[in-house]
Every structure is written in C-alpha cells, then in structure tokens.
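The exercises below are meant to be worked through with the structure in view. Try each task before reading its solution.

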Amino acid sequence: MANTRLYRENITFLLAHPEAFADRTAPTADELNDTVLVHNITCALNEDGTEFTLGDSDTDDSLTFCSKAGISTPTFYNPTVAMEAFRDADVTATGEFNEAFDLLAWPDVEYIAILRVGGKSTDTFAVGDVIKMVAVKTDWGTDVVGNGENIRIAQAFLPNDFVNWNFEVAA
C-alpha cells in the first residue's frame, strides 16, 4: 500500500461574506462554490504568514461539592486566523493579489474564513468535503516590507463568535 501525501496544492483558503450561507452551521457545496460572495484567495497567500488553527478551549474550573477533583468544563473555542497576501505591482490590475488586498486591507469587515485540506484549490466543493470555518472580523491590514522581499499585506483577524470545525459539506 502506497502512502498518499498532501502537498501545498491541496489546501484551499476562502473568505466568505456571512450572507453567503442560509445556515452557516450547515453550508452547502453550492454556497461554497458561489464566486460572488465566496472568494478563493489561496494562491495570493504567503505560506509563512498564514495561520488557521484552533487552540485550547477556555475552561470553567468551578467546582461543586460533588465534582471530581480537577474537573474543568470547556467554554469558548480559541481560533487563530491570520492571512498574509502578496501585493500586485499594478494596483489597478484585475487579479487574485488585488482581490486579496481589497478583502484584507480595511477594518471592521466581517467574513467567514474557511479552510479545506484535500483537493486542489481550483476544485469545486463537493458533498463530503471537510472544512473548517471561523467567523472573523478584520482589523487594519498591515504592510509587510523587507529588503529584497515582495511587499505583502498581513491581516490578523479578530475571532467573531462562531467556529464550525471539521464540518462535512452536505448537499
């Protein structure tokens, strides 16, 4: 039996407007494939400056007189979503770099950040795909500049009270 390896080409990053989903707890493949309200910016993102993780949950460590010692109850998820996109030399060009910039540069914009591992980023979403979703809100995008490096924009999103982790896409 051969090992199957996942490579960079098998990751998809999306930013979706919240209104893209009738029910964000159960997104459909058709909703994820909407090219107006859902933006695939995978190829504009810098791998070193992009993060999509779920940290340890906050816990309530309150005990009753009947609780076992050391018991804790998870309360809130702690997602971390940060994206760093390359900038286009031509700010008027139509392309993925300028699309990513327009999505990441401005504060107080709400999105649902979505990650899919498996399948090329150009593949359409299908029933059975497993995704991770986090509601986020933008802060001011930050320019990332360095001597001899391409200019990028970084966005460290603020979590916005919704996590749908390892959801299997339905019809």
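**Exercise 1.** Does Phe101 count as buried or exposed, and what is its relative accessibility?

*Solution.* The model is predicted, and the protein averages a pLDDT of 89, with 88% of the residues scoring at least 70. Buried means under 20% relative accessible area. Phe101 has a relative accessibility of 18%, so Phe101 counts as buried.

**Exercise 2.** Classify the aromatic pair that Phe86 and Phe97 form, and locate both residues along the chain.

*Solution.* Begin with the count, which comes to 4 aromatic pairs in this model. In the pair of Phe86 and Phe97, the centres are 6.2 Å apart and the planes stand at 50°, and the pair is tilted. This pair links distant parts of the chain, since Phe86 belongs to strand β6 (residues 78-86) and Phe97 to helix α2 (residues 96-104), 11 residues apart. Turning to accessibility, Phe86 is partly exposed at 22%, and Phe97 is partly exposed at 30%.

**Exercise 3.** Determine which kind of pair the rings of Phe101 and Trp106 make.

*Solution.* Planes over 60 degrees apart count as edge-to-face. The ring centres of Phe101 and Trp106 lie 6.0 Å apart and their planes meet at 80°, so this pair is edge-to-face. Trp106 has a relative accessible area of 44% and is partly exposed.

**Exercise 4.** Over which rings do the charged ends of Arg24 and Arg116 sit?

*Solution.* For Arg24, the charged end sits over the ring of Phe162, at 4.2 Å from the ring centre. For Arg116, the charged end sits over the ring of Phe125, at 4.0 Å from the ring centre.

Notes: Residues numbered from 1 in each chain as written. Predicted model: local features only at pLDDT ≥ 70, side-chain atom pairs only at ≥ 80, totals over all residues. Heavy atoms only, no water. pLDDT = per-residue confidence, 0-100. Phe/Tyr/Trp six-rings, centres within 6.5 Å; stacked < 30°, edge-to-face > 60°. Helix = DSSP H or I, 4+ residues; strand = E, 2+ residues; numbered from the N terminus. Buried < 20%, exposed > 50% of the residue type's maximum accessible area, 1.4 Å probe, protein only. Lys NZ or Arg CZ within 6 Å of the ring centre and 35° of its normal.
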